[in-house]
Amino acid sequence: MGDRGACIEGLVCATLVNDPLEVRSFLACWPDKPIAQQLNRCAARIQEQVGGRVIRVENLHVTLAFLGDLMPTQISAVEDVCAPLPRTFRLELDRVGFWKTKGIVWIGPRTPDVEFNKFVENLRDRLRRVGFRIDSRPFTPHITLLRKVRKRPRIVLEALDWVINEYTLVASKLEQDGARYSVSKRWSTLGDVK
Ligand code: 3AM
């Protein structure tokens, strides 16, 4: 019986077997290549100081809403809710943070862009209204740089000016050496829909 020890023989145990159509999904903004490369260099410097696992350069992002495992109909519902960005936003990445319990080192803006946060909170509310369970904590824009860190880094970094002009729906596949992400849909600033 193996993994299905708790199930009645001959029946598929729905709680243990993921539907193959389900896709682990989230909404996120991705820095362009030059910013991502600078962030990757920052992460390497931090790693020299405190260890941990550096997030792969192509995986650096700000999560807007984690959606979980979605069936195709739910993905359509997300797409119905998502709207273009009302305008371009700028985030000055000038603060390195450490979440001790999660072992995460991140970078984000010291001063959040109020309008960007409002856009994201509004998007999250609309997702909740159509039935998605979205983290209830306030949105804290951050890019995870390293995981499995035990010690707070002491580091001064040059601020990075990041222009955000789109966000994406991303499919995540968990593999042994970390997550593989693929973009399935993009929403750009108004008037620039892809
Ligand atoms: O953007 P960060 O790195 O903070 O930790 C995961 C990552 O967060 C988080 O979603 C982001 C994109 O993968 N995540 C993963 N599983 C999660 C869950 N079950 C989750 N967030 C909330 N609930």
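1. Let me start with R110, which is in contact with D94 and R95 once neighbours within four places in sequence are left aside (contact means that two C-beta atoms, placed from the backbone, lie within 7 Å). R110 is located in the loop between β5 (104-109) and α3. It counts as exposed because it has 10 C-beta neighbours inside 10 Å. For these labels, 20 or more other C-beta atoms within 10 Å of a residue's own make it buried, 12 or fewer exposed, and anything in between partly exposed, with C-beta atoms placed from the backbone. A159 lies 49 residues from R110 along the chain, yet their C-alpha atoms are separated by 10.0 Å.

2. A word on conventions before going further. This is a predicted model, in which local features need pLDDT of at least 70 and side-chain atom pairs count only at pLDDT 80 or more, while totals for chains, interfaces and linings use all residues. Residues are numbered from 1 along each chain as its sequence is written.

3. Now for the overall layout. The protein has 3 helices and 9 strands, arranged along the sequence as β-α-β-β-α-β-β-α-β-β-β-β. Both kinds of element are DSSP runs numbered from the N terminus: H or I over at least four residues for helices, E over at least two for strands. Of the 194 residues, 26% count as buried. Among contacts between residues at least 6 apart in sequence, 74% join residues at least 24 apart.

4. Helix α1 is a good place to check geometry. Its 18 residues (33-50) should span 26 Å at 1.5 Å a residue, and the end C-alpha atoms are 25 Å apart, which agrees; the expected span is 1.5 Å times one less than the number of residues. Which residues of α1 are buried? They are L39, C42, A43 and I46. These cover an arc of only 105° around the axis, which puts them on the same side of α1 (the arc is that of the directions from the helix axis to the C-beta atoms). The buried residues pack against β2 (53-54), β5 and β6. On the other side, K33, P34, R41, A44, R45 and E48 are exposed. G51 follows α1 with a positive phi, near 75°.

5. Helix α3 can be read in a similar way. For its 16 residues (114-129), 1.5 Å a residue gives an expected 22 Å, and the end C-alpha atoms are 22 Å apart, which agrees. Buried here are F116, F119, V120, L123, R124 and L127. Viewed down the axis of α3, the buried residues fall within an arc of 130°, so they line one face of the helix. Their packing partners are β3 (62-70), α2 (72-81) and β4 (89-99). The exposed residues on the other side are V114, E115, K118, N122, D125 and R129. Just after α3, G131 takes a positive phi of about 105°.

6. Where is the nonpolar core busiest? Of the 40 residues in the largest such core, A28, L64 and L145 touch the most other members. A core here is a set of buried Ala, Val, Leu, Ile, Met, Phe, Trp, Tyr and Cys residues joined through C-beta atoms within 7 Å. Apart from its neighbours within four places in sequence, L64 is in contact with L27, A28, C29, V120, L123 and Y167.

7. The ligand is surrounded by F26, T63, F66, D135, T144 and S172; a residue qualifies when its C-beta atom, placed from the backbone, lies within 6 Å of the molecule. This shell divides into 2 nonpolar, 3 polar and 1 charged, where Ala, Val, Leu, Ile, Met, Phe, Trp, Tyr, Cys and Pro are nonpolar, Asp, Glu, Lys and Arg charged, and the others, Gly among them, polar.

8. The loop between β6 (143-147) and β7 (160-164) holds K148. K148 has a positive phi of about 60° although it is not a glycine, so you may like to look at it. Most residues other than glycine have a negative phi. With 11 C-beta neighbours inside 10 Å, K148 counts as exposed.

9. V156 is in the loop between β6 and β7, and is exposed, with 5 other C-beta atoms within 10 Å. The C-alpha atoms of V156 and D94 are separated by 9.1 Å, with their places 62 residues apart along the chain.
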